[in-house]
Amino acid sequence: MRESVAAALQVNEPLTTSILEGFLREEVQKSGFHKVLFGLSGGIDSALSAYLAARALGPNHVHAVLMPYRTSSPASLADAMEVVKDLGIPHTVVDISGSVDAYFAQMDDKLGEPASPLRRGNRMARERMCTLYDLSAAQGALVVGTSNKTELLLGYGTQFGDMASALNPIGDLYKCQVRQLSAYVGVPKSILEKAPSADLWEDQTDENELGFTYDDADEILYQWVDLRLSPAEIVERGADAKLVDHIVRRVQRNQYKRRLPIIAKLSSRTIGIDFRYLRDWGL
Amino acid sequence: MSTHVHKVAMAQFSPVLGDVGANLDKHLSYVREAVEARAKILVFPELGLTGYQTQDLTLEVARPVHHPEIQLLVDASREIDILFSFVEEAEDYRFYVSAVYASGGSILHIHRKAYLPTYGMFDERRYFAAGDSFETFRTALGKTGVMICEDAWHLSSPYLLAMNGATVVFVPASSPWRNAMAAEDLGSHAFWRQLLQTYAQLLGLHVVFVNRVGYEDGVHFYGGSGVVGPDGSWIAQAKSNEETLVFAEIDVRATRRARYTTPLVRDERMDIVKRQLDGILRRGSTHA
């Protein structure tokens, strides 16, 4: 990443942390809740969400849910447990292997072919979402999101799966900013230093699957989204033309994942079009 | 065809949101079709080159008038007069919803939308600068003027054009169906029809209405393009909801007869309007 871009992406750590803590506290309590829960994968994004939530609400109001699948790396679970111990937060381990395997045993038979890794990965992400929302009702706790700005923009996530949440403190932080803030709030070193992975199959890493590094993506996305430079201008400033084009298309193609379903306008006031209130309405 | 009768073509179609290249191709193919049909004027809907809800695509789809893509359409006007609409980027980097009337390979007139709705489902003022005049220009049809969509929902716009001598008014639009619950003729469709008929009759002129079709994120544009004559009757009407190139023959002798029979424009008292408006503005009793 170019130095000037890296410098521009540096966040003011105490200020950012305090804004995000305030966000979690106020938006949760306004909704009439006092607790949150989230999936803790052992990766850096959910770890940062955990630290922010524990700081905002106190460790006893934060519940970590660890949801390994049988092929998940044991290191992921160990890293997640280190966060649990360090923060002293309650946790539940829910193995999703049984329900996911049962589903595909049935579907592979019906469709006459084994499910692709994409389908399996999506199903795991949505199984975890179902578990979180069930526990949300069981515990009276809001689901906190753990998707960062880079993956939301790239659409590198499962719609209604890991992208689902009631509120997301880290959705406006690029991956490099997640790293910076994670170090600041004290996320364990083993998590800070390992390669990011969705851990949906063995030896998967995000950057291998995406075909570019998060740093490259952040550099391009920042210039395009935040600075509103055109793809041509970003190339002029030294980025690889093919990569810029690939990333821009990816963001466009995945816009649907970032929006609620569109509704056909029929009446004079249509939800999502001209029926406009904040979610905070009435809170 | 008599020199009094002019064939006008109206391209009622669904632009691709944000894809100027694809929309330009569509425009050029309608140009060919209209030329083959021996039409003299071809009118496209509001923001036909960009799609309507450009939002943050505005910066990407905006074109200065001298841009090669705009010039292609201007060049095409050697064969047929063309009224088309796009996001115009001005020299000072203001962005307008504009309509260009091109004829004989050059631009005769640019109208910048003056009324940018920001109520209900609309958000135009967030992205666009507003134009500030309604001027007329001379074409084979005589003096003509342009109102873009919401412009026509303000009484003064057609009034000013008529007082400026217009006998034909073009109304490119991207008008959505805003309420399908309204009885009978649906929502804004009925209102548009009444509005245009009334203007045509009161001001003794032809109104050429070209509205797009298609959907953008659940918002449905109904079309309903057509021409209203000075007697308030529809000379031609496109079907709702489908892409089509419709034609109408405008006979300027109808205007002559209407303006003689019911000389409302002749008898208009602009001096009263001016005196009273001056007074109203002086007293500051308006928010305009």
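Colleague: Let us start with R63(B): does it count as buried or exposed, and why?

Modeller: In this predicted model, R63(B) counts as buried because its relative accessibility is 15%, and the cut-off for buried is under 20%.

Colleague: Where is R63(B) placed in chain B?

Modeller: R63(B) sits in the loop between α2 (58-61) and α3 (68-76) of chain B.

Colleague: Which residues does R63(B) touch, leaving aside those up to four places away in sequence?

Modeller: R63(B) touches V20(B), E69(B), I70(B), F86(B), V87(B), E88(B) and E89(B).

Colleague: And what lies 3.4 Å from a polar atom of its side chain?

Modeller: That is the backbone oxygen of V61(B).

Colleague: Changing to chain A, in what order do the strands of the open sheet run?

Modeller: The order of the four strands is β3-β2-β1-β4 in chain A, and their pairing is parallel. At the edges are β3 (91-93) and β4 of chain A, each of which pairs on one side only. From one strand to the next, the twist averages 25°.

Colleague: How many bridges join β1(A) and β4(A)?

Modeller: β1(A) and β4(A) pair over three bridges, in the parallel sense. L37(A) has V143(A) of β4(A) as its bridge partner.

Colleague: Which strands do helices α3 and α4 of chain A meet?

Modeller: Helix α3 (residues 44-57) of chain A lies across β1 and β2 of chain A, and runs at about 170° to β1(A). Helix α4 (residues 74-87) of chain A packs on the sheet and touches β2 and β3 of chain A. The direction of α4 in chain A makes about 170° with that of β2(A).

Colleague: Now α6(A): what span should its 23 residues have, and how far apart are its end C-alpha atoms?

Modeller: At 1.5 Å a residue, helix α6 (residues 117-139) of chain A should span 33 Å. Its end C-alpha atoms are 32 Å apart, so the two values agree.

Colleague: Which of its residues are buried, and what covers them?

Modeller: The buried residues of α6(A) include R120(A), M124(A), E127(A), R128(A), L132(A) and L135(A). Among the elements covering the buried residues of α6(A) are β1 (35-39), β2 (62-66), α5 (97-111) and β4 (141-143) of chain A.

Colleague: What follows α6(A)?

Modeller: G140(A) follows α6(A), with a positive phi near 60°.

Colleague: Back to chain B: what are the corresponding values for α8(B)?

Modeller: Helix α8 (residues 270-283) of chain B has 14 residues and should span 20 Å at 1.5 Å a residue; its end C-alpha atoms are 20 Å apart, which agrees. Just after α8(B), G284(B) has a positive phi of about 65°.

Key
Residues numbered from 1 in each chain as written. Chains lettered and ligands numbered in written order. Predicted model: local features only at pLDDT ≥ 70, side-chain atom pairs only at ≥ 80, totals over all residues. Heavy atoms only, no water. Helix = DSSP H or I, 4+ residues; strand = E, 2+ residues; numbered from the N terminus. Expected span 1.5 Å × (residues − 1). Buried < 20%, exposed > 50% of the residue type's maximum accessible area, 1.4 Å probe, protein only. Contact = heavy atoms within 4.5 Å. Polar contact = N/O pair within 3.5 Å; in protein donor to acceptor, adjacent residues only side chain to side chain. Pairing = 2+ DSSP bridges. Axes fitted to C-alpha atoms, helices over the stretch in contact; angles between N-to-C directions.
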